[in-house]
Amino acid sequence: MPSSAFPDGGPPLTEDEAEDLLRCICFKTGPPGAVGVELEWFVHDLRSPYLPVPRDRLDAAFAALRALRLESSLTVEPGGQLELSSPPAPSLARCVATVSADLSAVRSELARLGLALTGSGTDPWLPSRDRLLREPRYDAMETYLDRFGRAGRTMMRDSASVQVCVDSGYEEPGPLGYRHRWRLAHLLGPVLVASFANSPVLHGRATGLRSTRQSLWTGIDPLRGAAPPAGREPRGAWARHVLDTPVMCVRAEEGPWTVPQGLTFREWLRSGSPRPPTRADLDYHLTTLFPPVRPRGSHLELRMLDAQPGDDGWVVPLAVTAALFDDPRAAEAAYRLLLPLAETAGPLPPPRDAHWRAAIRDGPMAPALHRAAVGCFALALESLARSGAPAAVYDAVAAFRERYVLRRRCPADEHPADGGPAAPSPGPAPARGSGPAGPRSGGTAPVPGPVPAPVSDTGPAPESGKDPRP
């Protein structure tokens with residue numbers, strides 16, 4: 001997000017003011033009903049995906065896409081990934097229809113230019129991507145994340161996701177209350193990672209992981225990428241987490257931004273150095289926190305999903321998540337189904353606990369996550385039938401369940417052992433679930449032991465064995 005989104009100025013904040021603001025601007029409550037999705041895609045040459053697309057060609061393509069009349073917002077990520085962010089939709093059906101129409105327009109324009117979108121959690125072909133966005137924000141971000149190894153810069157350049165947004169929920173207790181939904185999102189997270197894992201390859205080589213993308217997120221700054229401790233009141237826990245997380249950078253009107261060493265936002269408020277922080281600085285700091293579930297105003301961002309294969313693979317995680325959150329019967333049943341996972345997760349917060357690590361490494365081969373996925377997909381299908389979801393959406397979820405979930409498979413299992421998926425075709429993609437899944441064409445067997453540091457030559461592994469929180 002460009003720094004201009006947060007104008008400088010305004011009076012300095014006090015510590016009490018900052019904490020009060022955080023309690024007010026996150027977890028805004030109201031009747032659940034809106035749903036949204038953010039889709040990231042890699043852009044490859046239509047016929048030669050193993051070759052990098054020149055910068056000037058990408059720039060021309062993005063300029064052409066910005067001229068399209070889209071309902072979704074279109075942005076470019078640091079490595080040249082394309083992101084479409086839907087407007088909040090009043091229903092799952094409306095969200096799917098809006099984004100599908102926008103994607104169709106985008107794909108048609110890219111095909112005219114000899115380019116294609118690839119849905120994968122990590123770039124399946126290129127050995128590495130250059131960082132295209134040379135802005136103070138991304139310069140500072142890369143400098144900061146490099147202190148923890150190479151996972152951060154790889155995440156910026158070589159990863160893509162599906163992010164599902166659901167309303168925070170009611171103030172009152174119950175299956176649609178914000179406390180319940182906050183807890184459900186973290187319990188459901190590793191099940192979604194395992195079920196939709198689609199990044200077994202990085203820089204053209206198999207990693208031994210089902211979700212290398214989530215491993216990268218786990219390998220960044222251990223506080224910035226982590227959830228607050230479980231079992232605490234969400235508003236207070238989130239406010240403390242925000243204030244006690246190190247500041248990534250201090251923005252400046254001119255020149256490079258300062259990247260302080262170990263300065264938490266709370267310490268910045270107390271010291272007033274290198275300059276007193278303002279409300280705009282707090283707003284900006286919030287955008288530099290990357291937990292698997294992030295509260296943003298009146299909604300929750302579920303950020304743990306790999307980008308999905310095919311033209312409409314993204315519809316399935318969107319539909320499953322929306323069904324389990326916005327149907328009270330499904331939400332309560334899913335919560336009861338998933339709650340036992342908390343007893344065996346271990347002491348570390350998501351995404352570093354035992355189940356998240358098993359999801360990254362083993363995907364649906366992890367027994368507890370497989371059982372949970374079978375139950376959650378059954379609940380989601382029942383909910384979609386009750387709600388009158390479009391037949392195509394219901395059928396896509398049912399086909400995914402048959403093709404993957406019941407067979408303890410995930411999209412990562414269909415990547416060839418020697419690299420990424422088949423090269424994109426200039427013809428139409430086959431419909432998802434249009435036939436039975438064939439035998440596994442390759443991939444890498446689960447690797448026992450802890451999840452390794454993804455691509456780091458230096459810096460700590462994704463888990464140190466100790467919660468870094470004081």
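These exercises, with worked solutions, concern a predicted model of a protein chain.

**Exercise 1. Overall make-up**

Task: State how many helices and strands the protein chain has, and what share of its residues is buried.

Solution:
- The secondary structure of the protein chain consists of 15 helices and 9 strands.
- Of the 470 residues in the protein chain, 57% are buried.
- Taking contacts between residues at least 6 apart in sequence, 78% join residues at least 24 apart.

**Exercise 2. Helices α1 and α10**

Task: Decide how the axes of α1 and α10 are oriented to each other, and describe their contact.

Solution:
- Two packed helices are described by the angle and the distance between their axes.
- Helix α1 covers residues 15–25 and helix α10 residues 279–287; their axes come within 11 Å and cross at roughly 50°.
- Angles under 35 degrees count as roughly parallel, and 65 to 115 as roughly perpendicular.
- The helices α1 and α10 are therefore oblique to each other.
- The crossing of α1 and α10 is right-handed.
- On the α1 side, the contact uses A18, L21, L22 and I25; on the α10 side, R279, L282, D283 and L286.
- These contact residues divide into 6 nonpolar, no polar and 2 charged.

**Exercise 3. The nonpolar cores**

Task: Find the residues with the most contacts inside the largest nonpolar core, and the helix that gives the most to this core.

Solution:
- In soluble globular proteins, nonpolar side chains tend to be buried together.
- The largest nonpolar core has 101 residues, and V106, W314, L318, L324 and L338 have the most contacts inside it.
- Helix α6 (residues 178–195) gives the most to this core, with 10 residues.
- Beyond its neighbours within four places in sequence, L324 is in contact with L184, L188, A330, A331, A334, C376, L379 and A380.
- A second, separate core has 18 residues, among them M155, M156, V259 and Y284.

**Exercise 4. Helix α8**

Task: Determine how many residues of helix α8 are buried, and what they pack against.

Solution:
- Helix α8 runs over residues 234–243, and 9 of its 10 residues are buried.
- The buried residues of α8 include R235, W238 and H241.
- Their packing partners are α1, α6, α9 (265–271), α10 and β8 (293–296).

**Exercise 5. Residue E332**

Task: Place E332 in the structure and classify its exposure.

Solution:
- E332 lies in helix α12 (residues 328–338).
- Buried means under 20% relative accessible area, and exposed over 50%.
- The relative accessible area of E332 is 26%, so E332 is partly exposed.
- Leaving aside neighbours within four places in sequence, E332 is in contact with P175 and H180.
- From C-alpha to C-alpha, E332 and G174 are 8.3 Å apart in space, but 158 residues apart in sequence.

Notes: Residues are numbered from 1 along each chain as its sequence is written. This is a predicted model: local features need pLDDT of at least 70, side-chain atom pairs count only at pLDDT 80 or more; totals for chains, interfaces and linings use all residues. Side-chain values use heavy atoms; hydrogens and water are left out. Axes are lines fitted to C-alpha atoms, for helices over the stretch in contact, and angles run from 0 to 180 degrees between N-to-C directions. Helices (H or I, at least four residues) and strands (E, at least two) are DSSP runs, numbered from the N terminus. Angles under 35 degrees count as roughly parallel, over 145 as roughly antiparallel, 65 to 115 as roughly perpendicular and the rest as oblique. A crossing is left-handed if the near helix is turned anticlockwise from the far one by less than a right angle, and right-handed if clockwise. Contact means heavy atoms within 4.5 Å. Ala, Val, Leu, Ile, Met, Phe, Trp, Tyr, Cys and Pro count as nonpolar, Asp, Glu, Lys and Arg as charged, and the others, Gly among them, as polar. A nonpolar core is a set of buried Ala, Val, Leu, Ile, Met, Phe, Trp, Tyr and Cys residues joined through side-chain atoms within 4.5 Å. Buried means under 20% relative accessible area, exposed over 50%, partly exposed in between (1.4 Å probe, protein chains only).
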